[in-house]
Amino acid sequence: MLDVTDLHAYYGKSHILQGVNLNIKEGEIVALLGRNGVGRSTTCKAVMGEVPPKGSVKFKGQEIAGLKAFEVANLGIGYVPENRDIFPGLTTRQNLILGLKPGQKDGAGRWSMQNMFDMFSNLKERADVEASVLSGGEQQMLTMCRTLMGDPDLIMIDEPTEGLSPQMTQKVAELLQEIAKRGISTLLVEQKLAIALDIAHRVYVMGHGQVVFEGTPQELRERDDVRKEWLEV
Ligand SMILES: Nc1ncnc2c1ncn2[C@@H]1O[C@H](COP(=O)(O)OP(=O)(O)OP(=O)(O)O)[C@@H](O)[C@H]1O
Ligand SMILES: [Mg+2]
């Protein structure tokens, strides 16, 4: 589904991504782990075309490095950035509708507004109030649901559980599993190792702008050295 090869990215003169290699298969949840500042978010932005990528990014076999973010989105990659970028002055329902692609009708894709309301009663109860009054966790849900409304084949989600209560974190984990069940691939950037190990099929650990470990959750559990050197603070 996604094949990233020798990906480099720069902010000005800072060489942030220094040859990232990773791939995600259909329906796979892949976690991207690493300490603060190693380039996890930059990896998502480079795939999305929000930061100019150098190297190869192939999506369903097509080279997408060099495309604009909206073009990448239209090809079927959804992106939920770290900051919950809802439209605060619009209602929950209006926010969800904005997730549809141009010309796409609600319910035409794998997800409908009703689906979202069935899964998340909080959103249903607040369907017609301004999104600005939602809690942080509800806004996080809304951002994820809005992205899914566009029916992506791959979704990249950057730290979805940050600052959430254990109960909301559980809800996010359930949504991630539901996404995989529907055959959608996920790149999950996550700080909480326990969640990542619980729900990911495969794990990449980043350090200094490169992938320093690749394996299954079980393999990472067995690698104290990798966790000590690259993950624990
Ligand atoms: N817009 C920017 N301009 C300049 N430098 C940036 C910019 N965004 C990020 N950086 C730098 O690039 C490096 C990688 O940032 P990135 O956001 O990818 O980290 P991360 O792994 O997502 O970590 P975290 O989310 O915990 O900050 C950091 O050193 C950061 O300071
Ligand atoms: Mg980040």
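**The ligand shell and the six-stranded sheet**

In this predicted model, ligand 1 is surrounded by Y11, S14, I16, G34, N36, G37, V38, G39, R40, S41, T42 and E82. By residue class, this shell divides into 7 polar, 3 nonpolar and 2 charged residues. Strand β2 (14–24) and helix α1 (40–48) each supply at least two residues of the shell around ligand 1. Of these two elements, α1 deserves a particular look, as the largest share of the shell, 3 residues, comes from this helix.

Turning to the sheet, 6 strands form an open arrangement with mixed pairing, and reading across it gives the order β6-β7-β8-β3-β9-β10. Strands β6 (77–80) and β10 (210–215) stand at the edges; each has a single partner strand, so one side of each is left without a neighbour in the sheet. From one strand to the next, the twist averages 20°. Within the sheet, β3 (residues 29–33) and β9 (residues 202–207) run parallel and are joined by 4 bridges. A handy point for finding this pair in the structure is V30, which stands opposite R202 in β9.

Two helices can be placed against these strands. Helix α6 (residues 136–149) packs on the sheet, where it touches β6 and β7 (154–158). The direction of α6 makes about 170° with that of β6. Helix α7 (residues 166–181), in turn, lies across β3, β7 and β8 (185–189), and α7 runs at about 150° to β8. Strand β7 is thus a helpful landmark for both helices, being touched by α6 and lying under the path of α7 across the strands.

Technical notes
Residues are numbered from 1 along each chain as its sequence is written. Chains are lettered from A and ligands numbered from 1 in the order in which they are written. This is a predicted model: local features need pLDDT of at least 70, side-chain atom pairs count only at pLDDT 80 or more; totals for chains, interfaces and linings use all residues. Two strands pair if DSSP finds at least two bridges between them. Axes are lines fitted to C-alpha atoms, for helices over the stretch in contact, and angles run from 0 to 180 degrees between N-to-C directions. Two residues are in contact if their C-beta atoms, placed from the backbone, lie within 7 Å. A residue is near a molecule or strand if its C-beta atom, placed from the backbone, lies within 6 Å of it. Ala, Val, Leu, Ile, Met, Phe, Trp, Tyr, Cys and Pro count as nonpolar, Asp, Glu, Lys and Arg as charged, and the others, Gly among them, as polar.
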